[in-house]
Amino acid sequence: MANFFPRWTNFLPLKIAICAGAVAGGAVLAFSYYATPKTLAAGYMPSQPIPFSHKIHVDQLGLDCRYCHSFVDVAGHSNVPSNNTCWNCHQHVQKDSPKLQPLRDRMDPLLKHPDFGKPIEWVRIHKTPDYVKFDHSAHLNRGISCQSCHGRVDQMEVVYQQHSLSMGWCLECHNAPEKHLRPLEEVYNLNYSDADVTKYTKDAGIKTTEDLGLKLKEHWQIAPKASCATCHH
Amino acid sequence: MSTTRKRVYGYLAEFSSASALYKAAEKVRDAGFRKWDCHSPYPVHGLDAAMGMKRSILPWFVFFGGMLGTATGFGLAYVTQVEIYPTVVQAKPVNIFTVPAFFPIMFELTILFSGFATLFGLLALMKLPRLNHPLFASRQFHRATDDAFFIAVEARDPKFSAEGTRKFLEDIGGKSIELVEEED
Amino acid sequence: MATATEHTPGPSRQGPKLPVLEREKLILNGRSYHWITERICGVLENRQPLLWWLLFIPSALIAMVGVGLGLTYLVSTGVGVWGMSNRVFWGWDITNFVFWIGIGHAGTLISAVLFLTRQNWRTSINRAAEAMTIFAVMCAGIFPAFHVGRVWMAWFLAPIPNANAIWQNFKSPLLWDVFAVSTYFTISLIFWYLGMVPDLATIRDRCKPGLRKMLYGIFSLGWRGGNRQWSHYEMAYLLLAALSTPLVLSVHSVVSFDFATSVVPGWHTTIFPPYFVAGAIFGGFAMVLTIMVPARQLYGLQDLITMKHIDNMAKIILLTGTIVGYAYLMELFVAYYSGAKYEMDAFKFRITGPYWWAYVAMMSCNVLSPQFFWFKACRENLWVVMAVAMCVNVGMWFERFVIIVGTLARMFLPGDWKTYSPSWVEICLFIGTIGMFLALFLLFLRFLPCINIAEVKWTLKESDPHHDDHHDHPDHGTEVVAAYQHELHGKGAVEAKA
Amino acid sequence: MSKRIWQHPEVPADETTVSWRGLGQLEDTPAFRTWMEREFPQGVAEMANEGDAETSRRSFLKLMGASTALAGFGMAACRRPESYIVPYNKAPEWVIPGKATYYASSMPRAAGATPLVVTTFEGRPTKVTANSLHPDAAGTDAFAQASVLDLYSPSRSRKVLKQGQPAPRADFEAVIAGLAADKSAKIGFVFGHDVSPTRARLVKELTAKFSAAKFYAYEALEGSASKVLGDGVRAVADFSKADRILSIDCDFASLDPQGPVTPFFDRRKPEGKTYSAKPDAAGMNRLYSIESAFSMTGGMADHRLRVRPGQLLEITALIAQRLQIAVPTVPINPADKTLKWVTAMVDDLVASKGKSLVLAGSRLPQPFHVLVAAINEKLGNVGKDKPLHYVRTDAQGLGDLVSLKTDLENGTVETLVLLTPANPVLDAPADLKFGEALAKAKTVIHLGGRSDATAHASTWHVPASHYLESWSDARSANGVYTVVQPMILPLYGECVSELELLSALLTDDGKLVTGEGEGGTPSPAHDAVKKTFEAIGGKGSEPWRKLLREGFHAGSTYEVAEVKVPDTAVAALPASPDKTFDVVFATDASVYDGRWIDNGWLQEAPDPITKQSWDNAALIAPQTAKDMGIYDEIVALETWNGATGPDGEGEHRTAPMIKVKVNGTEIEIPVMISFGQAENTIVIPLGYGQGFDGEDKFNRNAAGSAPASHVGQVGVNSGFNAYPVRTAATAYFATGATVEKTSKRYPIAVVQEHHAMYGRALAREISTIDSGDHKGDFAEQLHNVKLQGNDGHAPPNISLYKQQDRAGKPLLSDPLHQWAMTIDLSSCMGCNACLVACQSENNIPIVGKQQLAKGREMHWIRMDRYYAVDKGNDFDPGNPALVPQPVACVQCESAPCETVCPVNATVHTEDGLNAMAYNRCIGTRYCANNCPYKARRFNFFDYNKRNPLVAHNLYKGPFGEKQVGEAPHLQRNPNVTVRMRGVMEKCTYCVQRLKDAKIRQKRGQKQEALLAGKASPDSAVTTATLRIPVDSVKVACQEACPAGAISFGNKLDGDKSAMMRAKGIERNYDLLNYIGTAPRTSYLARVKNPNEKMPDHQWIGKATIHMH
């Protein structure tokens, strides 16, 4: 009689266990890092049919967000401007820019382009699933800025998704809105900072935006809901 | 068996019955051996004492495993239900008074963790799985799982001596005494 | 369980004659260790009898068609292929779930509760009963897993940290169920497997080198039967038995909570947990008999699984059947005593309403048929035993059907009353699980030791290290002593020496 | 170029008001006026012309067709698929993406237009509701609610057909041009019975242009009242003035409207319409009903007499006789009981002279109308400020079907233009043989929404524009001028509206312009309507704008007609011979006369009386059924053991088929038991059996007379056609029918299988009088409402727990809103308006007959209807009380469903709703089992993705046919998730509306801050500013209810809210109170107002009062 299993097999179970543990642990870590909206959704930066620069229009030219997204504080849906909003200016400005050719094709009847009258298909960046009902106006009119969800769009040459927009991320703010609350006047000011706080209060104790947010939360009776029907119906 | 020189594992002696094994074990114990074992096809009662073994410490593993399970159950339920995201269901309170509803899961996790502690604790204590062992090289050892009773005394034991131990085993009634050597 | 006999002492004895309880032998005909090894290992080493194939092939086919195709169709098309409606939301699915999970309970009970209560007769049947537990829980698990509308979302049931920051509802009996059933399966599997390790080693040691030896070798983990292993092993076995006992009681209690914690009249009753547990043991033992009696004949294991085993199981069925019958009557009394119209009606409609036949089937199979076991002649007649066991299997299925469908079809508002009947898909799936259960059990017989070899050896008289000491003990009235008495005296002797 | 008037840098001061209309949210504040002026600006510079402005907002398909491509169901892949945002190229005015826009319009109908407010999303009409500003507003019924589905129906006709085959529209346009040129054309026009002033004006113009033109009006279920009252004269009831009402087989509350019905229901509430008064029986009206089968109205009656139709005239004559109106021609030999009943009733009518009202069913034969006119005259009920007055409508000088037939046969009419919504080839009286007459015409042009039998029998079939796509006008019951304005261009380019067709004929070149003209000029129908209106409302844009804004022209009514009391010497009707049966050809609550057969919502809505869906059946009283030998035993209303009925239950239920022979013809039809129906009477609803395909159980497609092409997917194989046995003389009922049993059986789908309450006090009822049964007087009965049934002896529920969170605050923590509802059974009649309204608001799918039979209906509201008959009733035990009870999720505060969900998919919201997160649901269905009200609905199949109407389709899984076409998706409410298979759903109090209202309210904070010029952190925000104004938000069922039975509001508003006042009254009780679920929806017990002198008074209002 001899041993059926060679001696090295004695260590095999331990090795397998260690390897399996490492693989499983690695998979969990990798999955929880890479397969979550934080990684999958944030940072999405598709190229658009017209390379519209928010930095130029907002930061340099000083356009208000609502010039183009005109219903954002009125409707749940934040509208993307229709072609004639662009055309209002761009039939006079940057008339020859090749980047704007798609717009001219659609808007200038003289070009007789086959696309005339058709809309521009912008690539959607910020998307919540169809079972999530996010209402822009509810947030903007209660002191949550564009910036809280979209980031510093005014600094973006090309718009990308800054935050995960996952439910957990939404809940962070719904459970502690003071970090994001600001005076209504500052909602469209993406540059809002601690320095702006003093404009709105004489209370020396309020120094940071969060301090002011706490005050606003109390004063405006802001109590964001966290139950399902707040967003799902 | 090859003739090359090999490391000796120890002696393996067969005994005729459980009672013979039992009596022999007492003698081996009294002779002061440490690295030895009795092999039988079923657990022979009282052999622990006959071999001078202490009670297994496995219950402690299981106790702590179980407590960990209870704590996990409670923590998982309480933290997720009361701390992180309290939900209102059937007007049940969202505070410490809701804990009775968590008892079933705390209980189940206690059992589950205890079970795993038993399994892994046992394997650790038995030093299994170990598929290769010198004893498997013995030509008669396979009967240990059928109908034979063996005592194996390891060469590592300080009292071991090639001749003395063999003689000792013969004296206490061992038959078919075999010098088991390690293979490689 | 034991018969008092007047024993005549041997001629060498002197002293008073003492009447003692002589245990019936668990293993008949004075079989040797090796005979036991040969016999049990022979089941899986020899060529399988033709009957095995005749049973296995149809079972496997039924399992593949019923479970495989049934589930494929179900998942691809929707729960609507079953017969449920917006009035009766559960039908055969949960009926089958409770039925199978109940069957599982006998295995754990035999291996754990009878172990703790030192019922050595369990050793011949516990392995098969535990296997039955595993397979029954597997069959049971299919139903709750696949009865959900979106099975691909069933992972929502697992408490995994997620980007949605939402968790399970730990107050839900259904979540308790998830934990209870998965724990039950895991612990049963561990228990079963650990119990099998020495026996796998036996088989390993009988194998010629080859694939079989490798597999048995791997799964026996290198077991050497050394007492330094046995010592921990026995402790582990004891601990697992101690863990399984409350577990098995909790599992069916938790299953019963699905009903008992609801507001539905006929479900909302505190007697459900003990009633369900008793019913589970009842149904489980019936299934053990249903399977073991033919297997015993098929493989010639009459010396290992003796009429004493069957007699004991029949008595347990009688006991638990009576408890179940008591529960049925007590339900009615509680409903009457509540004075609530809805409660009284629930039982009135159960008994006389559209599903009266199910109630009659339940009552006659579960309460009346076990009454035969009051008679020894019935307990000793294998045909009667099989017939009653089959009745109980059927009756326990109907019990769950009555509780679930009979109640839901006639709830609070007459405006929503509508009866339910299963579709062919549900029927196929149930038959498929029966096929799956049989197929798995036959595979078990084919590849694994169906009787616990080590434990059976242990129950032999000569396995007690002191079995031959007693001639020297003047305080013993007889040399023929029950095995457990040997143990007691053996321990005393050891302690005295130490 | 741009018309974007909203493109102001600053926000309009009060754009909080997007759903201002009918919501009562904005009183007539100055801010409101300012906003209105802005919304409808005068002379906005960018507008090229007015017509441009009118059409641009409706041009959604042209501009926005791609937007629906966005809705995709994407599993999270590694990288998500690219999706696009497709903005408008030229943004249409007033359309705010994602926000509803509301327009006032109306639905033209024979009994007067239903004034509506239409909800549109990005130009898609998705929901209609009553225009509560309209003086004739009376809620909506199921037909109006369901009409929006017809717009998107896949069965809708969308191609021009020539002889039943598709043909180019240009060919048809050439025909019209030819007709327009031929001024001597022998042309006939058949209209419906709806009244359109523009049409009346165009008729005059047509008469002027075409010298030989003839005009007719036809609808299948037309009555003969106008023959008695005079051409174009109608009787209109004012229920607010009627203390005592007698309905002679008149379902005025539902299928046979006689005037705005809401005031009738207001007076069914002893506490007054808004629950603000002390309960008082004196304010209630009393309804007597004499009918042969239960109608919705009969179910409301305080005293109801069941009479076979053959005896109805005798009873009517008896009433006349008691009022000293001689009716010598009708033999009157009433039974004792009947005589007592009638005598006491007439005494009561006489006692309320001038404040009583007698109504005869409009479909009853002429003698009834003669007698009833005389009776009303005698009782002094007619005139201004009286319960009844006669009006003269614009529909005058129109011939009937008999004269049309004659004209067709003798060649007076060669070209026939069929504009009626009826389907004369199918539904004209059989003895007229109208189909044969039609074949004699040279050209028949049929304008219709469905390609039905008439469409196939016509030379030309032209798809009609839906009323939500076309310009028109109409008059409501009292003649208020009401506009019909389009929300959207016709979905299909070939559609033509009635006025467009008439306008084209009036032009010289006969050019048919539909939808909008070249270059976006408005439709000729728009110009025609505007011209008509200028004559009524005055010229200039302001009255016109006001009309479009409000939907009606205030102050315009019909002129009152003087009606000479007709001669009472009426002809007796033929008596019912012995051992024969009377047959009633009933109006159907789902398909009406057959025109709605392709409307899935209506087909699926259970018949309010029989609870049958998708089919019709011959209804027979239990005793009659036994006498006929159909059943061996009398089918009991209630069995002691809850056993299934003799026909089985659920998917196994089949009905025995009988042969009914009447008027010399016979039909086969399944039988259903109907309780409370007169003996020896067979009621057969009309309108079914219009087309069959190979899936039909009896292979009726083989007969060829009703091919599947006559109906769409919804209506195919649905029911049995009773028109072939109906003659002109027996248009409403026939006598002398014989019945033969057959061995055949037919599967039927019945939503509610058990009709009694089984001793459970569910839908509670009390009466205003002490009937001497120890239940006391009105006050005592009111006091004991909460103690009826099991609740009288169940101990109170005491919770072990305090309902608190970690901080010790209450769980339902919202300090602003806590929603609740009451349903008043006293005014609920059990029609399906709420059910269908809910379906359209909440994207509820239909499931088809087979699924419905299994009990898988998806309606969030289950309209339970219970019959109750007192054991001691010796007056007429076969005439049970009918009590409806709509049950939707009652939003239990202590909801049993929530705790059992393992995944937290259904939890409570802070404001007291039982929320349902569809996307979290895995479908264990445990919640639904544990719901005592069975208010939850499970998506057993992907009803939204797999067409449930194709036979066996649901069972084909991935191989099944997908939902047909894109159009049905356009109806969906974008604010409500479309549920997939495997998830649970249920009523959530229209949470999308509540959320929308809250957001609008909170926006006010900003407005306030900006207007006051204060820095926003200093702006005052109080509970009052954040709370939605009292009762301003309405849920869909509440809005739809014509009876005002549903009150909804915020509990924290206290007694300012009608809902809270209703909760405070003694009639309020919780359904299944003893379980302790603490429902937020409670019910108000039904109050019957019997007459102590009536022989049956002691059995009235006793449905539940003796239960314990």
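Q: How do you know that the span of helix α1 (residues 12-34) of chain A agrees with its 23 residues?
A: The expected span of a helix is 1.5 Å times one less than its number of residues. For α1 of chain A that gives 33 Å, and the end C-alpha atoms are 31 Å apart, which agrees. Helices here are DSSP runs (H or I, at least four residues), and strands are E runs of at least two, numbered from the N terminus. This is a predicted model: local features need pLDDT of at least 70, side-chain atom pairs 80 or more, while totals for chains, interfaces and linings use all residues. Residues are numbered from 1 along each chain as written, with chains lettered from A and ligands numbered from 1 in written order.

Q: What makes α1(A) hardly covered?
A: A buried residue has 20 or more other C-beta atoms, placed from the backbone, within 10 Å of its own (exposed: 12 or fewer; partly exposed: in between). The count of buried residues in α1(A) is 0.

Q: Why is chain B called more spread out than a compact globule?
A: The globule rule is 2.2 Å times the number of residues to the power 0.38, and the radius of gyration is taken over C-alpha atoms. For 184 residues the rule gives 16 Å; chain B has 25 Å, well over that, so the name fits. Its C-alpha trace spans about 80 × 35 × 30 Å along the principal axes. Chain B holds 5 helices and 4 strands. Buried residues make up 53% of chain B.

Q: What makes residues of chain C and chain B count as in contact?
A: Their C-beta atoms, placed from the backbone, lie within 7 Å. The contact takes 63 residues from chain C and 61 from chain B. On the chain C side, α7(C) gives the most, with 16 residues.

Notes: Contact = placed C-beta atoms within 7 Å.
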